[in-house]
Amino acid sequence: MQVTETLNEGLKRKLSLVIPKKDLSDRLDARLDELKATANIKGFRPGKVPAAHLKKVYGRSAMSEVLSDAINSTVSKTLDDRSERAATQPKVDLPEDQGVINQVLDGEADLNFEVSYEVLPPVTLMDFKTLAVDKPVVELDEKDVDTEVQRVFAQQRGYEEKGEDGVVENGDRLGLSFKGTIKGEAFAGGSADHAHLTVGSGEFIPGFEEQLVGMKKNETKTVKVTFPKDYAQDELAGKKADFEVTILHIDGPKAGELNDDFAKTLGLENVAALRDAVKEQMKAALDSMSRQAIKRQILDQLDEGHKFAVPEQLVEAEFNTIWQRVVHEVEHHGRSFEDEGTTEEAAKEQYQKIAERRVRLGLVVAEIGNQNKVEVTEEEHQQALIAEVRRFPGQEQQVYDYYRKNPQALAGLRAPVFENKVVDFVTELAKKTDKPMTRAELAKIIAADEDEVPEEHHH
């Protein structure tokens, strides 16, 4: 076998390979030998067909099988010999002249072909002890716990339509449409055709919910508010806005009392136990948010600490995956890039950078895991599957079946678990400083981080 390198530029490689006809004919003889045992040809007993006759009957088709195997094993061995790992499946270019191919198929000529690929870059890992992260520490405010208990109470006792003459009161659950403008201009995310809101929950910006009290069904009113200075979207922070709001329906909470009997309907002993359960749930949510904030800091610093060229093909594949989702989200909501305050070109540029960051971090995370023997156990893989199935209440069986029938999708559930384990490993080595903050401040950090890419939907 002859190998000649014809391109070596950055991560790109191109090789010219020659497999001698002698190798091919030896491989063909071995293949015909295998066929001899099972060949069922009229006039011959199994295993007794002469080689020359076999070659006449099967020669061409066996040779094309042999060629395919020879090309794959030659490319694989060549990369091994060169100690290179291809980023994606190498591209093989066979001679275009059919006459030349026929000569090879007839065993009369060597096979000359070209193979092009990008190599995975070597990754030299930084010293993780140089990393420093702020660990969010949030004290749960008892008032927040009370609000959450009230929300659970309202939700669990249910709501009923207030009817045509109903008037909005605190605690009601509304359906509403709104259109927001700042100085007469619409802004990204400022409108909805049918949003839901529990009045007094503080879900909307301060001052918004209070102005709805007293409104009737189908009534329209302009609500004037000012975005908080620490609002998650910097371009809206501190700005004055007008919202044209229409009430679509008003549901009032059903009668009932927040007492021990109510707690028992939820399977809890009394109101105190309900409060404890809510508090535990809120703590778990805060822990999860805190871990997310730390993970973002770790990934940012890993990205900063590892600068190397990444394979274009991997970036392109990642970009295409992201872009499909972005376009789907925009079209699905009947919006345009201009509605989102950007242009298609600017969005493409932004997502191209995100794709490159993801590929680079993917290679860094894989290398850290490799060098430090981080592995996902079968049990962790199963837990990831169960968690995914639970995300689709009522469709559990279909989702479970989807993963069972799609090994690739099932294997895909390992990746986020592996990434989290690697991040945990690195976090252990990093210098950590407790940073006290409020729940709202932590929520702002998480909102800014909600990965810049729309979520993937498998189903």
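Val-123 touches Phe-308, Leu-363, Val-364 and Glu-367, leaving aside residues up to four places away in sequence (contact here means heavy atoms within 4.5 Å). Val-123 sits in the loop between strand S4 (111-118) and strand S5 (132-137); helices (H or I, at least four residues) and strands (E, at least two) are DSSP runs, numbered from the N terminus. At 13% relative accessibility, this loop residue counts as buried, where buried means under 20% relative accessible area, exposed over 50%, and partly exposed in between (1.4 Å probe, protein chains only).

A quick word on what you're looking at: it's a predicted model, where local features need pLDDT of at least 70, side-chain atom pairs count only at pLDDT 80 or more, and totals for chains, interfaces and linings use all residues. Residues are numbered from 1 along each chain as its sequence is written, and side-chain values use heavy atoms, with hydrogens and water left out.

**Overall build**

- The protein has 13 helices and 11 strands.
- Its radius of gyration is 32 Å, well over the 23 Å that the globule rule gives for 459 residues, so the protein is more spread out than a compact globule. The radius is taken over C-alpha atoms, and the rule is 2.2 Å times the number of residues to the power 0.38.
- Along the principal axes, the C-alpha atoms fill a box of roughly 95 × 55 × 45 Å.
- Buried residues account for 33% of the 459 residues.
- About 27,600 Å² of the protein is exposed, and carbon and sulfur atoms supply 48% of that area; the areas come from the Shrake-Rupley method with a 1.4 Å probe, and for residues only the protein chains shown count as cover.
- If you take contacts between residues at least 6 apart in sequence, 73% of them join residues at least 24 apart.

**Helices H6 and H8**

- Two packed helices are described by the angle between their axes and the distance between the axes.
- For helix H6 (residues 271-305) and helix H8 (residues 344-371), the axes come within 10 Å and cross at roughly 95°. Axes are lines fitted to C-alpha atoms, for helices over the stretch in contact, and angles run from 0 to 180 degrees between N-to-C directions.
- That makes H6 roughly perpendicular to H8 (under 35 degrees is roughly parallel, over 145 roughly antiparallel, 65 to 115 roughly perpendicular, and the rest oblique).
- On the H6 side, Arg-296, Leu-299, Asp-300, Leu-302 and Asp-303 meet Arg-357, Arg-360, Leu-361 and Ile-368 of H8.
- By class, that H6 contact with H8 has 4 nonpolar, no polar and 5 charged residues. Nonpolar covers Ala, Val, Leu, Ile, Met, Phe, Trp, Tyr, Cys and Pro; charged covers Asp, Glu, Lys and Arg; the others, Gly among them, are polar.

**Buried spots in helices**

- Ser-290 belongs to helix H6 and is buried, with a relative accessible area of 10%.
- Not counting residues up to four places away in sequence, Ser-290 touches Pro-136 and Leu-442.
- Val-66 lies in helix H2 (residues 51-81) and counts as buried at 5% relative accessibility.
- With the same sequence neighbours (up to four places away) left out, Val-66 touches Leu-24, Arg-27, Leu-28 and Arg-31.

**Sequence gap versus distance in space**

- Val-123 and Phe-208 are 85 residues apart along the chain, and their C-alpha atoms are separated by 51 Å.
- Val-66 and Leu-299 are 233 residues apart along the chain, with 47 Å between their C-alpha atoms.
- Ala-447 and Tyr-231 are 216 residues apart in sequence and 9.8 Å apart in space, C-alpha to C-alpha. Ala-447 is in helix H13 (residues 439-449) and counts as partly exposed at 38% relative accessibility.
- Asp-141 and Thr-438 are 297 residues apart in sequence and 8.7 Å apart in space, C-alpha to C-alpha. Asp-141 is in the loop between S5 and helix H4 (142-157), where it counts as partly exposed at 35% relative accessibility.

**Positive phi in loops**

- Most residues other than glycine have a negative phi.
- Lys-183 has a phi near 50°, a positive value in a residue other than glycine. It lies in the loop between strand S7 (173-182) and strand S8 (185-198), and at 84% relative accessibility it counts as exposed.
- Lys-373 also has a positive phi, near 50°. Its loop runs between H8 and helix H9 (378-390), and Lys-373 counts as exposed at 68% relative accessibility.
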